[in-house]
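Work through the following exercises with the sequence and the coordinates at hand. Each task is followed by a solution in steps.

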Amino acid sequence: GSLDMLTLVRDTDENGNVIYGEQLNLDTEGCISYGTDKLVATVGVKDLIIVQTSDAILICDKKRAQDVKLVVDELRAQGKHEYL
């Protein structure tokens with residue numbers, strides 16, 4: 001599934017953010033922020049997708065959520081399978 005689909009299964013905060021994990025969001029609007037084991041802090045950002053896992057961080061504009069597959073394709077092409 002697409003990362004932007006999280007807006008359908010999780011509630012938003014008062015600024016329209018969908019958050020998961022330990023977060024500190026200041027002056028942040030319309031973001032999807034997913035953290036697994038570290039604090040994710042944002043300041044003054046809007047309409048981003050942020051995904052933090054134990055081995056990688058992804059940040060992209062929500063309008064380009066479908067383009068995450070380009071990152072996956074490039075990681076495969078570079079033989080960086082440990083990130084997939």
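The exercises below concern a predicted model, and they treat its side-chain contacts, cysteines and surface in turn.

**Exercise 1. Salt bridges**

Determine how many salt bridges the whole structure holds, and describe the residues that form them.

Solution.
1. A search of the whole structure gives 2 salt bridges.
2. One of them joins the side chains of Asp37 and Lys38, with an N to O distance of 3.7 Å. This value falls under the criterion, which requires the nitrogen to be within 4 Å of a carboxyl oxygen.
3. Asp37 has a relative accessible area of 46% and is partly exposed. Lys38 is likewise partly exposed, at 46%.
4. Arg64 and Asp67 form a salt bridge through their side chains, at 2.8 Å from N to O. Asp67 is partly exposed, with a relative accessibility of 27%.

**Exercise 2. The aromatic pair**

Identify the aromatic pair of the structure, classify its geometry, and state which strands it links.

Solution.
1. The structure contains 1 aromatic pair.
2. Its members are Tyr20 and Tyr34, whose ring centres are 4.6 Å apart and whose planes make an angle of 10 degrees. Planes under 30 degrees apart count as stacked, so the pair Tyr20 and Tyr34 is classed as stacked.
3. Tyr20 belongs to strand 1 (residues 18-20) and Tyr34 to strand 3 (residues 32-35); the pair therefore ties together parts that are 14 residues apart in sequence.
4. Tyr20 is partly exposed at 35% relative accessibility, and Tyr34 is partly exposed at 28%.

**Exercise 3. The cysteines**

Explain why Cys60 is not bonded to Cys31, and state whether each of these residues is buried or exposed.

Solution.
1. The count of disulfides in the structure is 0.
2. For Cys31, which is in no disulfide, the nearest cysteine sulfur is that of Cys60, 10 Å away.
3. A disulfide requires two cysteine sulfur atoms within 2.5 Å. Because the sulfur of Cys60 is 10 Å from the closest cysteine sulfur, in Cys31, the separation is too far for a bond.
4. Cys31 is buried, at 2% relative accessibility. Cys60 is also buried, at 14%.

**Exercise 4. Two residues of one loop**

Asp13 and Asn17 lie in the loop between helix 1 and strand 1. Describe the contacts and the accessibility of each.

Solution.
1. Asp13 is found in the loop that runs between helix 1 (6-9) and strand 1. Its side chain reaches the backbone nitrogen of Asn15 at 2.9 Å.
2. The C-alpha atoms of Asp13 and Gly30 are separated by 9.2 Å, although these residues are 17 residues apart along the chain.
3. Asn17 is placed in the loop between helix 1 and strand 1. A polar atom of the Asn17 side chain lies 2.9 Å from the backbone oxygen of Thr28.
4. Asp13 is partly exposed, at 23% relative accessibility, whereas Asn17 is buried, at 2%.

**Exercise 5. A nonpolar surface patch**

Which residues form a nonpolar patch on the surface, and what accessible area do they have together? Locate Leu26 within the secondary structure.

Solution.
1. The patch consists of Leu24, Leu26, Leu39 and Val43. Together, these residues have about 380 Å² of accessible area.
2. Leu26 is situated in strand 2 (residues 23-26).
3. A patch residue must have over 30% relative accessible area. Leu26, with 43%, is partly exposed, so Leu26 meets this requirement.

Conventions
Residues numbered from 1 in each chain as written. Predicted model: local features only at pLDDT ≥ 70, side-chain atom pairs only at ≥ 80, totals over all residues. Heavy atoms only, no water. Patch = residues over 30% accessible without salt bridge, like charges linked within 9 Å, V, L, I, M, F, W, Y side chains within 5 Å. Areas by Shrake-Rupley, 256 points an atom, 1.4 Å probe, with all protein chains shown as cover. Helix = DSSP H or I, 4+ residues; strand = E, 2+ residues; numbered from the N terminus. Buried < 20%, exposed > 50% of the residue type's maximum accessible area, 1.4 Å probe, protein only. Phe/Tyr/Trp six-rings, centres within 6.5 Å; stacked < 30°, edge-to-face > 60°. Polar contact = N/O pair within 3.5 Å; in protein donor to acceptor, adjacent residues only side chain to side chain.
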